[in-house]
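Student: I'd like a close look at a single part of this one. Could you pick a side chain, go through its surroundings slowly, and then walk me out to the rest of the chain?

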Amino acid sequence: QVPIRESGGDSVQAGGSLRLSCTASPSLRFCMAWFRQSPGHEREGLAAITTPVGRSYYADHVRGRFLISHDAGENTWYLQMYDLTPEDTAMYYCAASGRPSCVSSPWTDPATFPDWGQGTQVTVSS
């Protein structure tokens, strides 16, 4: 598959902030999302963006704390996370789709995104 590169995961104190970065092929530009998964839990969608139009979507429990954005010039997507809590501890994944149909697909479904990054660990200490 086309490689997707993630970075930015770290260990931080509760209340801190992190910015995750994801670079992907320009062909994977229709839909992009951030997911996370912790041991024993289902993979959950956090945020998504449709790059041609720039519409963004957020899970209820992160809306207002997490911001998804896209830098077209750098072909990079970001997840800016504020006010982190221990519940945010997880492996975070970048996912993308180059299929135009993804704009009409449920973004919270991992199956919508055929291409995934390797994951970056976020650990939040109380």
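Tutor: Let's start with the side chains of arginine 36 and tyrosine 92, which are joined by a polar contact of 2.9 Å. Arginine 36 has another such partner: a polar contact of 2.8 Å links its side chain to that of aspartate 88. Keep in mind that this is a predicted model, so these distances are computed from its atoms. As for where we are, arginine 36 sits in strand 4, which covers residues 31–37.

Is that arginine buried or exposed? Its relative accessible area is 5%, and the cut-off for buried is under 20%, so arginine 36 counts as buried. The list of what surrounds it fits on one line. Setting aside neighbours within four places in sequence, arginine 36 is in contact with Glu42, Arg43, Glu44, Leu46, His61, Val62, Phe66, Glu87, Asp88, Ala90, Met91 and Tyr92. Both polar partners, Asp88 and Tyr92, turn up in that list.

Now over to strand 3, residues 18–23, where you'll find cysteine 22. Cysteine 22 has a relative accessible area of 0%, so it is buried. Beyond the residues up to four places away in sequence, cysteine 22 touches Ile4, Arg5, Glu6, Met32, Trp34, Asn75, Thr76, Trp77 and Cys94. There is also a long jump in sequence here: cysteine 22 and alanine 95 are 73 residues apart along the chain, yet their C-alpha atoms are 8.9 Å apart in space.

Serine 21 lies in strand 3 too. With a relative accessible area of 16%, serine 21 is buried. Leaving out residues up to four places away, serine 21 touches Arg5, Glu6, Ser7, Trp34, Thr76, Trp77 and Tyr78. You'll recognise some of those names from the cysteine 22 list, among them Arg5, Glu6 and Trp34.

One of the residues that cysteine 22 touches is Asn75, so let's go there next. Asparagine 75 is in the loop between strand 7 (66–71) and strand 8 (76–81). Most residues other than glycine have a negative phi. Asparagine 75 goes the other way, with a positive phi of about 50° although it is not a glycine. Its relative accessible area of 17% makes asparagine 75 buried.

Which other residue has that kind of backbone angle? Aspartate 83, with phi near 50°, is also a non-glycine with a positive value. Aspartate 83 is in the loop between strand 8 and strand 9. At 45% relative accessibility, aspartate 83 counts as partly exposed, whereas asparagine 75 is buried.

Step back to strand 7 for aspartate 71. Its side chain reaches the backbone nitrogen of glycine 73 at 3.1 Å. Aspartate 71 has a relative accessible area of 30%, so it counts as partly exposed. Outside the four-place window in sequence, its contacts are Thr76 and Tyr78, and serine 21 touches both of those residues as well. Aspartate 71 and threonine 23 are 48 residues apart in sequence and 9.7 Å apart C-alpha to C-alpha.

One more local stop: glycine 98, in the loop between strand 9 (90–97) and strand 10 (115–116). Glycine 98 is partly exposed, with a relative accessible area of 25%. Its C-alpha atom is separated by 8.9 Å from that of methionine 32, a residue 66 positions away along the chain. Met32 is also on the list of residues that cysteine 22 touches.

Now zoom out to the whole chain. The protein has 11 strands and zero helices, so the pattern along the sequence reads β-β-β-β-β-β-β-β-β-β-β. Among contacts with a separation of 6 or more, 60% are between residues 24 or more positions apart. Of the 126 residues, 44% count as buried. The radius of gyration is 14 Å, which agrees with the value near 14 Å for a compact globule with 126 residues. Taken along the principal axes, the C-alpha atoms fill a box of roughly 40 × 30 × 25 Å.

As for the surface, the protein exposes about 6400 Å², with carbon and sulfur atoms supplying 48% of that. On charge, there are 9 positive and 12 negative side chains, and the centres of the two sets lie 7 Å apart. And to end where we began, arginine 36 is a buried residue whose side chain has polar contacts with the side chains of aspartate 88 and tyrosine 92.

Definitions and conventions
Residues are numbered from 1 along each chain as its sequence is written. This is a predicted model: local features need pLDDT of at least 70, side-chain atom pairs count only at pLDDT 80 or more; totals for chains, interfaces and linings use all residues. Side-chain values use heavy atoms; hydrogens and water are left out. Helices (H or I, at least four residues) and strands (E, at least two) are DSSP runs, numbered from the N terminus. Buried means under 20% relative accessible area, exposed over 50%, partly exposed in between (1.4 Å probe, protein chains only). A polar contact is a pair of N or O atoms within 3.5 Å; within protein, one must be able to donate a hydrogen and the other to accept it, and residues adjacent in sequence count only if both atoms are side-chain atoms. Contact means heavy atoms within 4.5 Å. The radius of gyration is taken over C-alpha atoms; the globule rule is 2.2 Å times the number of residues to the power 0.38. Accessible areas come from the Shrake-Rupley method with a 1.4 Å probe; for residues, only the protein chains shown count as cover. Lys and Arg count as positive and Asp and Glu as negative; His and the chain ends are not counted. The place of a charge is taken as NZ of Lys, CZ of Arg, CG of Asp or CD of Glu.
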